[in-house]
Amino acid sequence: MTYISDILFWISNGLLVPVVVLLILLFVRSLVLIGNFFGQYMQIRKTDKVFTDRIAPLTSENVGELRASLPEKSRSPLIMSLISLLENRDDRARRQLLLSDYEVAADKDLAVSKTLSKMGPMLGLMGTLIPMGPALVGLSTGDISSMAYNMQVAFATTVVGLFSAAIGFITQQVKQRWYLQDLNRLEFVSELLDSSRK
């Protein structure tokens, strides 16, 4: 039994460095995500101003005029998808494909936030528990400096993991709301295009 415990202890201690490296990568990725999220927020605010004024008065009779009022060059996924919908107004199957593609693209964009919100706590907990073994050994042998160092690593990994998870969770919640609103708008325009053909 002692051999098995020793093997588990070695495996556990061997995982500390990869866990810490992964936590550092998650932390850096969460900082990049904050920057991207801010840029996306600014783009959505600009798009909303353009889009809300034009979507409210739309009917099946004037939906065809929407294309002329949209900007030709836009980096907004909503505007690009809307232009594609209007260009395929007579092909219902193609419009359904475009809406499905928009959902897939939205899910792909949310993948980073989902990964951070799930992996952050896991790696943070691993980074907390792994140094606790050596910390307890240091406590039992009276090596207070070793115990203090290991406790410091344990607390730092927890904080970094929870920070990354919080960034992932918040951005995921907000982005899901954005994409759901945009998808509703695109489906509304697609339905109007169907009505205008009748």
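1. Glycine 168 counts as buried, since its relative accessibility is 0%, and the residue is found in helix H6. This is a predicted model, and the values below should be read with that in mind. Leaving aside residues up to four places away in sequence, glycine 168 touches Leu33, Ser113, Leu116 and Ser117. Lysine 46, by comparison, stands 122 residues from glycine 168 in sequence, and the two C-alpha atoms are 24 Å apart in space.

2. The aromatic residues deserve a point of their own, and the count comes to four aromatic pairs. One of them joins tyrosine 41 and tryptophan 178, whose rings are 6.4 Å apart from centre to centre with 25 degrees between their planes, and this pair is stacked. Because tyrosine 41 lies in helix H2 (residues 16-55) and tryptophan 178 in helix H6 (residues 144-197), the pair ties together parts that are 137 residues apart in sequence.

3. Are tyrosine 41 and tryptophan 178 buried or exposed? Tyrosine 41 has a relative accessibility of 35% and therefore counts as partly exposed, whereas tryptophan 178 is buried, with a relative accessible area of 10%. Burial means a value under 20%, which is the cut-off that separates these two residues. Tyrosine 41 and tryptophan 178 also belong, together with Phe37, to one aromatic cluster.

4. A further ring pair is made by tyrosine 102 and tyrosine 179, where the centres are 6.1 Å apart and the planes stand at 70 degrees, so the pair is edge-to-face. Here too distant parts of the chain are linked, as tyrosine 102 belongs to helix H5 and tyrosine 179 to helix H6, with their positions 77 residues apart. Both of these tyrosines, 102 and 179, are buried.

5. How do helix H4 and helix H5 lie against each other, and at what angle do their axes cross? The axes of helix H4 (residues 77-87) and H5 come within 10 Å and cross at roughly 170 degrees, and because angles over 145 degrees count as roughly antiparallel, H4 is described as roughly antiparallel to H5. The crossing of H4 past H5 is right-handed. On the H4 side the contact is made by Pro77, Leu78, Ser81, Ser84 and Leu85, and on the H5 side by Arg95, Leu98, Leu99 and Tyr102. Sorted by class, this contact of H4 with H5 has six nonpolar residues, two polar residues and one charged residue. Tyr102 thus takes part in the contact with H4 as well as in the edge-to-face pair with tyrosine 179.

6. Helix H5 also packs against helix H1 (residues 2-14), at an angle of about 125 degrees and with the axes 9 Å apart, which makes H1 oblique to H5. In this case the crossing is left-handed. The residues that meet are Phe9, Ser12 and Asn13 in H1 and Ile130, Gly133 and Pro134 in H5. By class, the contact of H1 with H5 has three nonpolar, three polar and no charged residues.

7. A last remark concerns valine 137, which lies in helix H5 (residues 92-141). With a relative accessible area of 43%, valine 137 is partly exposed. Valine 137 and lysine 73 are 64 residues apart along the chain, and their C-alpha atoms are separated by 64 Å.

Key: Residues numbered from 1 in each chain as written. Predicted model: local features only at pLDDT ≥ 70, side-chain atom pairs only at ≥ 80, totals over all residues. Heavy atoms only, no water. Helix = DSSP H or I, 4+ residues; strand = E, 2+ residues; numbered from the N terminus. Buried < 20%, exposed > 50% of the residue type's maximum accessible area, 1.4 Å probe, protein only. Axes fitted to C-alpha atoms, helices over the stretch in contact; angles between N-to-C directions. Parallel < 35°, antiparallel > 145°, perpendicular 65-115°, else oblique. Left-handed = near helix turned anticlockwise from the far one by under 90°. Contact = heavy atoms within 4.5 Å. Nonpolar A, V, L, I, M, F, W, Y, C, P; charged D, E, K, R; others polar. Phe/Tyr/Trp six-rings, centres within 6.5 Å; stacked < 30°, edge-to-face > 60°.
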